[in-house]
Amino acid sequence: MATFVAASVLAAATPPAPFGPLPSERQLKWQALEGSMFIHFGVNTFTGVEWGEGTESPGIFNPGQLDCRQWARVAKDAGLRGIVITAKHHDGFCLWPSPLTKHSVAQAPWRGGTGDVLKELSTACRESGLGFGVYLSPWDRNNPKYGSGAEYNQYFASQLRDVLAHYGPVNEVWFDGACGEGPDGRRQTYDWPLFVSVVRECQPGAVIFSDAGPDIRWVGNERGFGCETNWSRLSLNEFFPGIPGRNEDLCHGQRDGENWIMAEVDVSIRPGWFFRETETDKVKSVEDLKKIWLESVGRNCNLLLNVPVDRRGLIADADMASLAGWGTAVRAMTATDIASAAVLSAPSIRAPGAAGPFDPKATVDGDPRTYFATDDAVTKCSIEYSWPTDRRPHLVRIDEAVELGQRVEAFVIETMGANGAWTAVARGTTIGARRILELPPTPCRGLRLVIESSRACPCVARVSIYE
Ligand code: FUL
């Protein structure tokens, strides 16, 4: 008999089988960053236009006080974990001394033509433990080869190699889908498979962003939100960079998409992507940034918050003030997690037992690799957190164990009042890497996560209940 019990517990303790497409190592690593800073900087900073024409003189680029360590400090204080810089925007001006063109910092008065923004920024990011990413626009309004077909594609591939080979680890490569006219009115057909292969060869750890992945996708808007129902899935064979008319799909993901593709929310702290003095009174407020955080990081997306550097080469005071206030606010909002001090229970546990690996404790142990799970056949379940005295949680965060795929489709957060009755206080559909929900400010003695619908047995890695 004893042998039989041990054997059946062992059998039931088998981990759940993966469901649907799964994230790669590089995707998992990137997802854990949650938020990064985007920096648009270049000749447009000095002309005030959004899309330079490629005819700007490198002579205008002279950010006399440029300090990448300031950028890194501001990003870090705001709680962001990486920086992605426009190494080259559509105007073709290169922020590094590219040997392949004369349209670069090497022709600028800045640092007497010996400056290299990518070198200074990659060093600052490494020193501060931030990820370092690059935006390299394939659309190049300066390069005479643009529009030539294979010749320009080879040129762009060499330029990519140049950027990816000389500045240490790059964690994100950002491809804009824009494909306009070159200096002589010609358009280019981009060789995406070639560009992707160069990134894989030079920086196998870097995720590649575009409307069509192959690692992470655009969220379909530049206003700072992900959709409430958001699958980290997309059938890549239906998409290409710059694809028109699919923004809804990009926002929601595709429930039955064949590839694992999480969304990134890119949004600017100012009305434009590049710095303009005239927009300094329109810098987003701490409240605006909090809303963006809840609706991006809190909706299974990573945030890429653009903070354009000014003509001095510094982040301006107004932007710094909003970012610092926002960082402080998010830290305060998430400082007190009362889930780990709660008494935990769940009516249905995979392989129940005193220290079962799939026990609800896994949701509060601070280890993203452990998770609560139910038996394979159980797709509705709940986990309850209770306290001996009244608590006032204002925010709940739930993470699925996405290394096993995305499963949950509908859930409710209920709280228990002093009279012992349960009331639904928040609802959601998908969870994914993380879902953060605000709660009404009513006291409660218990809170439970009720999963109403899941496509396979739920696997919950984390529940944080912030008071
Ligand atoms: C767009 C570009 O055309 C904008 O200038 C900006 O860089 C934005 C992030 O991507 O497609």
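**The barrel**

Start with the eight strands that close into a barrel in this predicted model. Select them in the order β1-β2-β3-β4-β5-β6-β9-β10. The pairing is parallel. On average, neighbouring strands of this sheet are turned by 25 degrees against each other, direction ignored.

Add helix α9, residues 286-296. Helix α9 packs on the sheet and touches β9 (262-268) and β10 (301-306). Set the direction of α9 against that of β10: the angle is about 150 degrees.

**Strand β5 and its partners**

Now select residues 207-210, strand β5. Are the residues on its two faces buried or exposed? Val207 and Phe209 sit on one side, Ile208 and Ser210 on the other, and all are buried. Side chains in a regular strand alternate between the two faces of the sheet.

Show β4, residues 172-174, next. β4 runs parallel to β5, and three bridges join them. Pick Val173: it stands opposite Ile208 in β5.

Bring in helix α7, residues 192-202. What do β4, α7 and β5 make together? They make a β-α-β unit, and it is right-handed.

Move on to strand β6, residues 216-218. Two bridges join β6 to β5, and the two strands run parallel. Pick Ser210, which stands opposite Arg217 in β6. Ser210 is also one of the buried residues of β5.

**Lys284**

Go back to the stretch between β9 and α9. Lys284 lies in this loop. Show what surrounds Lys284, leaving aside neighbours within four places in sequence. Lys284 is in contact with Val267, Ser268, Ile269, Arg270, Leu289, Ile292 and Ser322.

Then pick Glu56 as well. Lys284 and Glu56 are 228 residues apart along the chain. Their C-alpha atoms are separated by 29 Å.

**The nonpolar cores**

Select Trp71 and Ile85. In the largest nonpolar core, of 81 residues, these two touch the most other members. Which helix gives the largest share of this core? It is α6, residues 150-165, with seven residues. The core draws at least three residues from each of domain 1 (25-333) and domain 2 (343-466).

Zoom in on Trp71. Residues up to four places away in sequence are not counted here. Trp71 touches Met37, Ile39, Phe41, Leu66, Ile83 and Ile85, among others. Val117, Leu121, Val309, Gly313, Leu314 and Ile315 are also among the residues that Trp71 touches.

Now look for a second, separate core, with 26 residues. Its members include Ala346, Ile413, Ile431 and Val460.

**The open sheet**

Select the four strands that form an open sheet, in the order β12-β19-β14-β17. The pairing is antiparallel. Which strands are at the edges? They are β12 (372-373) and β17 (435-438), and each pairs on one side only.

Stay with β12 and add β19, residues 459-466. β12 and β19 pair in the antiparallel sense over two bridges. Pick Ala373 to see it stand opposite Cys459 in β19.

**The two domains**

Finish with the whole chain. Colour domain 1 as 25-333 and domain 2 as 343-466. How far apart are the C-alpha centres of domain 1 and domain 2? They lie 35 Å apart. Last, select the residues in contact across the two: 22 residues of domain 1 are in contact with 21 residues of domain 2.

Note on methods:
Residues are numbered from 1 along each chain as its sequence is written. This is a predicted model: local features need pLDDT of at least 70, side-chain atom pairs count only at pLDDT 80 or more; totals for chains, interfaces and linings use all residues. Side-chain values use heavy atoms; hydrogens and water are left out. Buried means under 20% relative accessible area, exposed over 50%, partly exposed in between (1.4 Å probe, protein chains only). Two strands pair if DSSP finds at least two bridges between them. A crossover is right-handed if, with the strands pointing away from the viewer, the path from the first strand over the helix to the second runs clockwise. A nonpolar core is a set of buried Ala, Val, Leu, Ile, Met, Phe, Trp, Tyr and Cys residues joined through side-chain atoms within 4.5 Å. Domain bounds come from an automatic or database domain assignment. Contact means heavy atoms within 4.5 Å. Axes are lines fitted to C-alpha atoms, for helices over the stretch in contact, and angles run from 0 to 180 degrees between N-to-C directions.
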